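User: I'm new to reading protein models and would like a close look at a single part of this one. Could you walk me through it slowly?

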Amino acid sequence: ARRDQNTAAAWAYKLIEAAGKDNVNSVAVLAELAASDPPTSCAFVAEFTRRLQGQGTLLAQPLQLIEEFLSGKGTGIDQQIKEDAQEQATDQVSISNSIASLRMLASVNWQEFVEDLSLVEQTLRQDPPGVYPRMDFPTRDRYRHKVEKLAEKYGLTELDTARAALRLAKNKAESRAESRTEVRTGEGTIPNNGAGSGTELHVGYFLMGKGQAELQGALADASGRKAYHDVLAVLRKRALPGYLGAVLLFTAVLSFPFFAGGLWRDEPFLLRAAIAATGFWAAWQIALKLVNWLVMILLRPHILPAMDFSRGIPDDARTLVVIPTLAGSPEDVAALCGKLEVHYLANRDANLQFGILSDFKDADSELDPGDTLILDAARRGIEELNQNYPGTEADIFFLCHRPRRWNEGDQQWIGFERKRGKLCEFNTLVMGAEPDRFLLIAGNTLEKGRHRVRYVITLDTDTQLPMDAGRKLVATMAHPLN
């Protein structure tokens, strides 16, 4: 319609311009218009008429020409103008309805919509340990896609495939309940929770975990087909033997001419050995590059499943974020406290606390004159952070600082085993050991409920913890398959 309107406007402009000069030019343009076989759409006629009406008697002739042309088709200018108005009104309503529909589509939560209607989703939500409903949407979606893939492989419905996985999980749960007996000893009774891991009770153990072969065997029995084994999944389970085996195979094929060609059999032994070694080394390097290239093509990244902690980390997954470091001056401590504040502001959560695990720098004596200044600055920095960002139950920020200990190997006073030692001693502290391995503990984070800490995230001093990265790491680690 817009194209026809532009055409009408162009012809009208030519006719008006010609009429302003003389009749000859006007007749010539009119003949050109008739020869061009102009469109007769409602948009063209309405625009052409609107521009020429009231422009004088000379311009009435083009309108008469259009009227005669339209009369041969059983219509007229007035009818075309009326139809053009109706088309514009109809288009306006249609576009308005389309935009309203798009807004409605954008406002619908399609994740909830699909999951509410999915029978596969409702089946998997009966997961015996109740893990499935608490997973995040991308993980649930991958489970459903795995059900879809298995159903296609074995010619079964997706619902039957999901029920088969659920049946295996429930069987594991029932056998676990039956085997939960009491073993009598001389000192009383000891509960026996049965063999195996609780992971096996999760439906994802059979869809995505080590129980896939068991599920595929059950599907093969139900469909009467041969059990399908994913070669890439087998290679993932035996990654190192598969990788080295492929490299050796390609090396043997590529280096075969150097050993079996017989071209050098009359040469001295040392020369033949050198040629063979060179050929083997060259074949090995080519095989490495070839296998690495194939691995990148064939194996896709394995995305770890995760729980849905979008509303916050639960109490049973309380996590501490720690930065093991050396505190060499009060300025170093101030910079570390600033990093803690940045990490916290990007990862605010009631069950996420942030701390520094620090040592003095190595020295020839147990104490240095500046040690007191460093400890005072550390205590002050942690106290200021906790005042600025008060926690509900315990302090959000803390510091654990260790004294120097004599090291026979280095013949110096250092922090015991440096970074590794800090983490090991901190973990034992969190698990209930006495804090005698630390010279200073600032903040009451560990005093209140340290037994409830489940995870420790370790950051280097130059490592960033992006927005919500702490929560995502915990959500991934908390999944039973991980």
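Analyst: Let's start with Leu-159, which sits in helix α9, the stretch covering residues 158-178. Keep in mind that this is a predicted model. Leaving aside residues up to four places away in sequence, Leu-159 touches Leu-119, Val-120 and Thr-123. Now hop from Leu-159 to Arg-402: these two are 243 residues apart along the chain, and their C-alpha atoms are separated by 58 Å.

Arg-402 brings us to β5, which spans 397-402 and helps line the largest cavity. How many cavities of 30 Å³ or more are there? The count is one, and the largest cavity holds about 30 Å³ of space. Its lining is made up of Ala-327, Val-333, Leu-336, Ile-356, Ser-358, Ala-378, Leu-399 and His-401. Three elements give two or more residues each to that lining: α15 (330-346), β4 (352-360) and β5 (397-402). Sort the lining residues by class and you get six nonpolar, two polar and no charged.

Stay with α15 for a moment, since it has a helix packed against it. That partner is α16, residues 371-388; the two axes are 8 Å apart and the angle between them is about 20°. An angle under 35 degrees counts as roughly parallel, so α15 and α16 are roughly parallel to each other. Their crossing is right-handed. On the α15 side, the contact uses Pro-330, Val-333, Cys-337, Leu-340 and Glu-341. On the α16 side, you'll find Leu-373, Ile-374, Ala-377, Ala-378, Gly-381, Ile-382 and Leu-385. By class, that contact has ten nonpolar residues, one polar and one charged. Spot the overlap: Val-333 and Ala-378 belong to this contact and also to the lining of the largest cavity.

For another helix pair, look at α3 (residues 42-52) and α5 (residues 77-107). Their axes come within 8 Å and cross at roughly 115°. Angles of 65 to 115 degrees count as roughly perpendicular, so α3 and α5 are roughly perpendicular to each other. This crossing is left-handed. From α3, the residues making contact are Cys-42, Ala-43, Val-45, Ala-46 and Thr-49. From α5, they are Ile-77, Gln-80, Ile-81, Glu-83, Asp-84 and Glu-87. Divide the residues of this contact by class and there are six nonpolar, two polar and three charged.

Key: Residues are numbered from 1 along each chain as its sequence is written. This is a predicted model: local features need pLDDT of at least 70, side-chain atom pairs count only at pLDDT 80 or more; totals for chains, interfaces and linings use all residues. Side-chain values use heavy atoms; hydrogens and water are left out. On a 1 Å grid over the protein atoms alone, a cavity is a set of points where a 1.4 Å probe fits but cannot get out, and a pocket is an open set with protein on both sides within 12 Å along at least five of seven lines; lining residues have an atom within 4 Å of a point. Grid points are joined across faces, edges and corners, and a volume is the space filled by probe spheres set on the points. Helices (H or I, at least four residues) and strands (E, at least two) are DSSP runs, numbered from the N terminus. Ala, Val, Leu, Ile, Met, Phe, Trp, Tyr, Cys and Pro count as nonpolar, Asp, Glu, Lys and Arg as charged, and the others, Gly among them, as polar. Axes are lines fitted to C-alpha atoms, for helices over the stretch in contact, and angles run from 0 to 180 degrees between N-to-C directions. Angles under 35 degrees count as roughly parallel, over 145 as roughly antiparallel, 65 to 115 as roughly perpendicular and the rest as oblique. A crossing is left-handed if the near helix is turned anticlockwise from the far one by less than a right angle, and right-handed if clockwise. Contact means heavy atoms within 4.5 Å.
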